[in-house]
Amino acid sequence: MKLLIIDDDAAERALTIQVLSQQFADVEAVEIADPDAFAHSMVQADFDGVVTEFRLAWTDGLALFRQIRRDHAVLPVIMLTRYGDEMLAAAAIKSGIADYIPKSHRHTLGDAITASLCKPDLPPLFQDKNDSLLLGILRLKSDYTYAMRIGPDNKPVFEWMSPSFKHIINCRDSINDAAAPLDGTGLAIHPNDTDIIQYRFAQLRAGFENIAEYRVIGNDGGCYWLKDYALPIRDPAHADVIRIYGSIQDLTRERATEEQLRLMQCAIESSSNGIVISGLADTDYGIIYANNAFLNLTGYRLEEIRGQNCRILNKHDHNQAEIAQLRTALHEGCDAHVVLRNYRKDGSLFWNEIHISPIRNQDNIITHFVGVQKDVTERCEMQALLSRKEAKLRAIFNNVFDGIFIIDQQGLIESINPSIEKIFGYQAHELIGQNITLLLTDPEWNWHDAYLGRTNNDSDQNVICAGHETYGLRKNRSKFPMDLSIIEINVDSRHLFICTVHDVSKHKQAEDALRKLSSHLELAREEERARIAREIHDELGSLLTVLKIDLSWLNKQLPADWVKCRAKTVNMTEQVDDAIQTVRKIITDLRPSILDHLGLLAAIEWHLEKIRQQTQMKCLLTMPEHPIDIDDKHSMAVFRIMQEALTNIIRHSMATVVIIKISVSGNNLQMYILDNGCGMTHAQINKHDHYGIKGMHERARYFGGELKLDGRPGQGVLLSLSMPIQAA
């Protein structure tokens, strides 16, 4: 397949050839950039089709097509352009061009060439007709196409429509066979657009082309906005319009977007807060938009501040720490909230509460900054005026960083603030009227139903909970930790609940990181203890042993009558023995060697025996008959927890009996330590400066275990430990 690629721009020709090469293995592209090359190729006449730009240096695409048509009547020509519009597309198709494609849709060029080189799949009604206009309509890159005839009553009647058009519209008669002529008498036009249709058909019957926008009611009951380009076809013999060909663009989504933008614009303009949008650093964060509230707040006109930096409001008062915060936020592309001293155009001072946030495009690149500004100078006066109190509370409700929603006694959400949308990922309309359980995990549902069932007849507010730690559910069903506070109030004889949500994800992450660091340091300390114990054993123990041997040798070498010297060596030997015992005690305290050699159970039994000897306290131990196959690090953790617990009992409990029970179930080790001492209250157990207890908790949690303490005054304390015996 050989194609002529006609375009002044070499880069554009290269892109077109690249697209064709990806779709056709046998394509041969001849590049044409000037009239001489074009004339030479026309003489050769050995090509299968032409792809041309509309705007050329020496001519335009339509004139070029007419020249090609004179010499090669059936040669398909496709116009691939970036300069055309809908009118040009209609003119091109009307003149007989095989297809019209914007360069933004260059990827469809291969399909267009394939379609132009073969006979289109026409409905049977048109199989025997050589109607170039109909072929053009069928090839037109639009959403829907159709053909109509003018009936005996001078009314247009559908003869054919594209399947996609038939799928959405309502015709008066149902159509079951897409290949048969349609016997519809019109579309289901929106009542407000009947005048447009009547005028449109009058123009078409008079022989004028027509472009009209109107609405139709679809099969699904929805309203569709259509832009209809219709071309009347006259009878060559009588000059009467006998047929209408049409191409339709579906504007429904575009109009919906326009309406949404209009509503957003109205919402911004009706906002009581000043809203300003600025550019980036390369424009000195110049203002490109400000709403009426901002203009009223500052006294400037939009023309006066457009392109200016917001520092114009600071005038001479630039020495404010909050300004540096704003600059940092702008530089780092993050949110900021400050209150500044600002000055109106007339020089009057007002306090300005400012929130700035970056605006990102679909590629997550910051393109602008939006600032919400509020004059808070009159806040005290507003608080004094009951009529303005609700407006102030609404402003606080909408600008607070914590999420707030109000629910009724059935748990249905009545109102939310924007932070709820940000925290949970829902839009406001998705949550209003929904039950609060949509935002909570299953375990919280019963607790939630319990407080809803209560009835508070007091006029004052009642705190249901404050800082209740739970998990929330985002729209994507991911869980996150949050603090939930609930206040019960009566407003206008209605029973309502105000729920405040604080996302503590980052706080929990910091806690986890700190906990992991603490546990890592504890493990590192254990490893360092083991290393020091080994070095003391290997170095100092060896030196003392050699010294004892040398003293023994020296004692044997001394003459029998050197009584004092021999007595001194004996005394020195005893001192070396004491030093060896001290070294052994230090090594044992650092890292009990019995734990490494005989295992956890033997180490616990050995430690209890030491406790019996040192304190005369009765120690009872129950443990499995066989050794436990436990990971070294887990073994050390269990031993240290047992060691810390017994140390606390000896120091604080005044107990005379301690009972230790150890059992294994599956991969879990259970250890219970019970004493008969003075006991502890719940407040004492959770006291902040009890680092030994906290250390036991963190050590157990690090290895996937759980430690509990249950104590009562005068009844001792029960420690329960559950921990995996092998690393996960």
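This is a guided tour of the structure you have open, one selection at a time. Keep in mind that you are looking at a predicted model.

**Stop 1: a pair of crossing helices**

Start by selecting residues 10–23, which make up helix 1, together with residues 109–116, which make up helix 5. The axes of these two helices come within 9 Å and cross at roughly 65°. That angle makes helix 1 roughly perpendicular to helix 5. Turn the view until one helix sits in front of the other, and you'll be looking at a right-handed crossing.

**Stop 2: a network of charges**

Now show the side chains of Asp7, Glu12, Glu53, Arg82, Lys103 and Arg106. These residues are linked to one another in a network of salt bridges. If you want to go hunting for others later, a search of the whole structure finds 25 salt bridges.

**Stop 3: an odd backbone angle**

Jump to Lys315, in the loop between helix 11 (302–305) and helix 12 (321–332). What is the sign of phi at Lys315? It is positive, about 50°, although Lys315 is not a glycine. That deserves a second look, because most residues other than glycine have a negative phi. As for its surroundings, Lys315 is partly exposed, with a relative accessible area of 31%.

**Stop 4: a nonpolar patch**

Next, pick Val339, Leu349 and Trp351 and switch on the surface display. Together they form a nonpolar patch on the surface, with about 240 Å² of accessible area. To place one of them, colour residues 336–343: this is strand 13, and Val339 lies in it. Is Val339 buried, exposed or partly exposed? Its relative accessible area is 32%, so Val339 counts as partly exposed.

**Stop 5: a salt bridge from a loop to a strand**

Select Arg474 and Asp503, and zoom in on the ends of their side chains. They form a salt bridge, and the closest N and O atoms are 3.1 Å apart. What does this pair tie together? Arg474 sits in the loop between strand 18 (462–473) and strand 19 (479–491), while Asp503 belongs to strand 20 (residues 494–503), so the bridge joins parts that are 29 residues apart in sequence. Both partners have some contact with the outside: Arg474 is partly exposed at 22% relative accessible area, and Asp503 is partly exposed at 28%.

**Stop 6: helices 21 and 22**

Show residues 600–615 as helix 21 and residues 632–653 as helix 22. They pack at an angle of about 15°, with their axes 10 Å apart. This makes helix 21 roughly parallel to helix 22. The crossing here is right-handed.

While you're on helix 21, add the side chains of Glu609 and Arg612. The two residues are 3 apart in that helix, about one turn. They form a salt bridge whose closest N and O atoms are 2.9 Å apart. Arg612 is partly exposed, at 28% relative accessibility, and Glu609 is partly exposed too, at 35%.

**Stop 7: a second odd angle**

Slide along to Met654, in the loop between helix 22 and strand 22 (657–665). Met654 has a positive phi of about 55°, although it is not a glycine. Where does its side stand on the buried-or-exposed scale? Met654 is exposed, with a relative accessible area of 70%.

**Stop 8: helix 24**

Finally, colour residues 691–702, which form helix 24. Compare its direction with that of helix 22: the two axes come within 10 Å and cross at roughly 160°. That makes helix 22 roughly antiparallel to helix 24, and their crossing is left-handed.

Now add Glu698 and Arg701. They form a salt bridge with the closest N and O atoms 2.7 Å apart. Being 3 residues apart in helix 24, they are separated by about one helical turn. Arg701 is partly exposed at 40% relative accessibility, and Glu698 is partly exposed at 22%.

Before you leave, keep Glu698 selected and add Lys516. Along the chain these two are 182 residues apart, yet their C-alpha atoms are separated by 8.9 Å. Try drawing that distance in your viewer to finish the tour.

Definitions and conventions: Residues are numbered from 1 along each chain as its sequence is written. This is a predicted model: local features need pLDDT of at least 70, side-chain atom pairs count only at pLDDT 80 or more; totals for chains, interfaces and linings use all residues. Side-chain values use heavy atoms; hydrogens and water are left out. Patches are made of residues with over 30% relative accessible area and no salt bridge: like charges are joined within 9 Å, nonpolar side chains (Val, Leu, Ile, Met, Phe, Trp, Tyr) within 5 Å. Accessible areas come from the Shrake-Rupley method with a 1.4 Å probe; for residues, only the protein chains shown count as cover. A salt bridge is a side-chain nitrogen of Lys or Arg within 4 Å of a carboxyl oxygen of Asp or Glu. Helices (H or I, at least four residues) and strands (E, at least two) are DSSP runs, numbered from the N terminus. Buried means under 20% relative accessible area, exposed over 50%, partly exposed in between (1.4 Å probe, protein chains only). Axes are lines fitted to C-alpha atoms, for helices over the stretch in contact, and angles run from 0 to 180 degrees between N-to-C directions. Angles under 35 degrees count as roughly parallel, over 145 as roughly antiparallel, 65 to 115 as roughly perpendicular and the rest as oblique. A crossing is left-handed if the near helix is turned anticlockwise from the far one by less than a right angle, and right-handed if clockwise.
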